[in-house]
Protein chains: 2
Amino acid sequence: MSQVIAAAADLNAPPVTKTLADFVSTHPSQGWSAEVEHEAHRTFLNWLGCAIGAAQHESVTSSLAAVQEFQPAPQASILGRKERVDMGGAALINGISSHTFDFDDTHLKTVIHPAGPVASAILALGEHINTNGRQIIDAMVLGIDVECRVGNAMYPDHYHRGWHITGSTGMLGSAAACARILGLDTHKTMMALGIAASQPIGMREQFGTMTKPFHPGGAARAGQMSALLAKHGFTASLRALEAGRGYMQTVSTKNDWSEIDRDLGKSFEISLNTYKPFACGIVIHPAIDACAQLRAQGVKADEVERIELRVHPLVLELTGKKTPKTGLEGKFSVYHGCAMGLIFGQAGESEYADDIVNRPDVVALRAKVNATTDSDISEASVDVKAILKNGKEVHVFVKNAIGSVENPMSDTNLEQKFTSLAEPIIGKQKTAQLISALWNLGKAADLKQIIQLSTPN
Amino acid sequence: MSQVIAAAADLNAPPVTKTLADFVSTHPSQGWSAEVEHEAHRTFLNWLGCAIGAAQHESVTSSLAAVQEFQPAPQASILGRKERVDMGGAALINGISSHTFDFDDTHLKTVIHPAGPVASAILALGEHINTNGRQIIDAMVLGIDVECRVGNAMYPDHYHRGWHITGSTGMLGSAAACARILGLDTHKTMMALGIAASQPIGMREQFGTMTKPFHPGGAARAGQMSALLAKHGFTASLRALEAGRGYMQTVSTKNDWSEIDRDLGKSFEISLNTYKPFACGIVIHPAIDACAQLRAQGVKADEVERIELRVHPLVLELTGKKTPKTGLEGKFSVYHGCAMGLIFGQAGESEYADDIVNRPDVVALRAKVNATTDSDISEASVDVKAILKNGKEVHVFVKNAIGSVENPMSDTNLEQKFTSLAEPIIGKQKTAQLISALWNLGKAADLKQIIQLSTPN
């Protein structure tokens, strides 16, 4: 058996670990276009809003209680809360909160949620060691590039095997970004990536539980620790990512090495980042968008006989829950998504409250949705037909849902989303000031204002 | 692609998560034979000696420096050192030190080193929350049973794929043991195992670097944190271990579910634990033993023309380094192991010093060793022939090396090994007192004496 696998392993893989470490440690500050720079600010703003918004969720309260058992030093802030914990605990908890509503950013090529593992790690580290905003933006762009390039190389096999790719590549993004913040040289950055490579986190079976948002949080913390270990001389394999029994070949049968260095330092994966208008898994978005369009066309829930949905098989595989009982389960139900779109025209966090999921008219409409799969339809698209009680049919085809790369949310959309998340936690005034500060993060002399505004009075 | 994998997945797996959690949370204290109870004390003693012995190694100094960056509260002790850190940091560092010399225990059926992830987690937790010795022994027996049973189910596929099985099952042992120490009920123990299931640690490519001992340390810490999260209400999938996209099916193509509950609570995997007489990977032990037997038969290094070694293919796959340059590399060289056996008749940590590995007579003898592989020979055996310059041949066949289940180290052997490791760090008097205290750990009212004796004056 061992010989068979050894023979199948690619022992001539290119030096992925070195290539990425070299890039992270030597790429110039702001060495990219104004568009990339702006996208980085959009990514950070969206991530921070999601984290603040979930600050009172039980996933945060519960993980904070566990972190408090370690009597942590008050090095870094929990976003949207008054407590401070050590920077590892803050990386963990902010990573958890930012993914708790399933409302964070998505790199659609890989379904990685890129910011959670990276931004959570560097904001906590940066607050403690007092970096400026430029260092944060630089580290985030580079860290996201690392995790998404590795994801590109392994997707889809890695994901299909069962890995929640956000946590199982995110520790590399976190390690890379923290290594950059710490100013590690290429060799030590290789060590940081190598130590992190032994710690992929997360299986898809956890979807629908608090362990799903634990994945980016755990990845943030693991990568941050890996960079700190490397700083102090801890060693790892120089080929930890690419070797026959290294990380990539152990966790994925597909490894397209060309994804690692194609246009490295010229094109940036953060350019492909997207932000969710709806507080659920990205694969449901076309269906919600389509049903919101039905609503805009005048279709009313009580006139509907049935709704016929045609989707890519992955949609039902990930979100096929017919009868969700809680808000969290609702996020894994394309049927509930359709009901939200048609009844409310939106699907923010408030549409995923437990009482909404169990409201009789919602339950009734959900039962009228039939979904069929069709591999010829893209994961980004949906075909929806509403058959009304009067015999009329209304048809909507969505090629790219709002929030996709092709049909992105505007800056104003993002600010509105941020406001809806942050205002209930930090209030109107701080929310407005914070938005303005975040658009200027790259020029901030330190992180004090951002931190102060991100925590309630 | 996704459909193919989903079809291959076993969606009817038995309730592994529940079965193991039920066992861990309800099995009676000391609910096993006197032999199992004694083996638990041997396991703990051997583990503690290895951890103390490596206390000044750079893997410990370096990881301690990283942990200090978090300004940890002094909750728990670093074995063999004066520093105290938080219980998570102590679990990590003691797990690292206990595996640094590659001298710790081995469950030969799976090549798991069982104590590192489990004992490191519970001693740190137990010191902080002030448990007694009985709780430690109970938790260790149960935790080791969990990790080794999961290992039995997945071995060898999981290992051949590239996972360092100690870290990639150890987080479950740690979570189980910490859940037991915390007195979690069955449901919360399921949550602890579930959270841990998302955090397998370690690839074999890291062998020969500090990240190898990081694997049990990281697993100890991950499992401990998982139990604390579960205590505070954090949730995970109820089928996190066994589901189609759960941990076991994601990280292994082979899953023999019957290994989970066969004689569960009646036979204990710790009974199969073994302790190394030699400070290197277990697969080299038969070769060292055989060469030490050649020496005992009067064969001298300078009389040797060449040594012909016949070994199982795995031996060269894992330890085929022809020309190691450092002590650490020497541990992955069956050639160096043979030289140690013939020149010194032993292979303790001092035989893996850098200067020994590079000593001219050692280098010369190493070059005379030829190894061929033969899948008909067991991994536990070796066939060695010394061809002398005078034409004479001396033949030794080792069926089971000293330290195997069939040919175990005696309690006295274990005490001698412990002494050789601990005396240079904590001194003669404390070492003798500690050995005596450790044989009585199951009756200790608290852990204070063990901790006090395990740290230098």
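**How the two chains meet**

All of the interface residues of chain B, 100%, are also interface residues in chain A, so the copies meet through the same surface. The model is a predicted one, and what follows is computed from its atoms.

The interface can be described by its residues and by its area. On the side of chain B there are 65 residues in contact with 65 residues of chain A. The area buried between chain B and chain A comes to about 5700 Å², and carbon and sulfur atoms give 60% of that area. In chain B, the residues that lose the most area to chain A are B:F70, B:F234 and B:R245; together these three account for 13% of what that side buries.

Polar groups also face one another across this boundary. Between chain B and chain A the rule finds 38 residue pairs in polar contact, both residues of each pair being at pLDDT 80 or more. Several helices of chain B each supply at least two residues of the side that touches chain A, among them α1 (2–8), α4 (58–68), α5 (87–100) and α10 (186–197). Helix α11 (211–231) is also one of these, and α11(B) gives the most to that side, with nine residues. Sorted by class, the side of chain B that touches chain A has 28 nonpolar, 26 polar and 11 charged residues.

Side chains of opposite charge can pair when their charged atoms come close. Across the interface of chain B and chain A, the rule finds four salt bridges. A salt bridge joins the side chains of A:K231 and B:E69, with 2.6 Å from N to O.

The next point is how one copy is placed relative to the other. Two copies of a chain are related by a rotation about an axis and a shift along it. Here, chain B is superposed on chain A by a rotation of 180 degrees with 0.0 Å of shift along its axis, and the RMSD is 0.0 Å. This is the relation of a two-fold axis. Within chain B, the C-alpha nearest the axis belongs to B:P72, at 3.1 Å from it.

Salt bridges are also found within a chain. Over all chains, the structure holds 43 salt bridges. In one of them B:R42 pairs with B:D411, and the closest N and O atoms are 2.6 Å apart. This pair links distant parts of the chain: B:R42 is in helix α3 (residues 34–53) of chain B, B:D411 is in helix α20 (residues 411–426) of chain B, and the two are 369 residues apart. The two partners can be set side by side by accessibility. B:R42 has a relative accessible area of 6% and is therefore buried, whereas B:D411, at 29%, is partly exposed.

A second pair within chain B involves loops. The side chains of B:K331 and B:E349 meet in a salt bridge, 2.7 Å from N to O. B:K331 is in the loop between α16 (327–330) and α17 (334–344) of chain B, and B:E349 is in the loop between α17 and α18 (354–357), 18 residues apart. B:K331 counts as buried because its relative accessibility is 1%, while B:E349 is partly exposed, with a relative accessible area of 22%.

A third pair is B:K428 with B:E423, whose side chains meet in a salt bridge at 4.0 Å, N to O. B:K428 is exposed, with a relative accessible area of 63%, and B:E423 is partly exposed, at 31%. Elsewhere, in chain A, salt bridges that share partners join A:E37, A:R134 and A:D138 into one network.

Two threonines of chain A complete the tour. A:T169 lies in helix α9 (residues 165–182) of chain A and counts as buried, at 0% relative accessibility. Leaving aside neighbours within four places in sequence, A:T169 is in contact with A:I112, A:E147, A:V150, A:G151, A:M154 and A:Y247.

A:T110 is found in the loop between β3 (106–107) and α6 (115–129) of chain A. A:T110 is buried, with a relative accessible area of 0%. Not counting residues up to four places away in sequence, A:T110 touches A:C148, A:G151, A:N152, A:Y155 and A:I165. A:G151 thus appears among the contacts of A:T169 and among those of A:T110. The side chain of A:T110 also makes a polar contact with the side chain of A:H107, at 2.7 Å.

Terms used: Residues are numbered from 1 along each chain as its sequence is written. Chains are lettered from A and ligands numbered from 1 in the order in which they are written. This is a predicted model: local features need pLDDT of at least 70, side-chain atom pairs count only at pLDDT 80 or more; totals for chains, interfaces and linings use all residues. Side-chain values use heavy atoms; hydrogens and water are left out. Contact means heavy atoms within 4.5 Å. Buried area is the accessible area (1.4 Å probe) that two parts lose on being put together, summed over both. A polar contact is a pair of N or O atoms within 3.5 Å; within protein, one must be able to donate a hydrogen and the other to accept it, and residues adjacent in sequence count only if both atoms are side-chain atoms. Helices (H or I, at least four residues) and strands (E, at least two) are DSSP runs, numbered from the N terminus. Ala, Val, Leu, Ile, Met, Phe, Trp, Tyr, Cys and Pro count as nonpolar, Asp, Glu, Lys and Arg as charged, and the others, Gly among them, as polar. Copies are superposed by least squares on the C-alpha atoms of residues with pLDDT of at least 70 in both. Buried means under 20% relative accessible area, exposed over 50%, partly exposed in between (1.4 Å probe, protein chains only).
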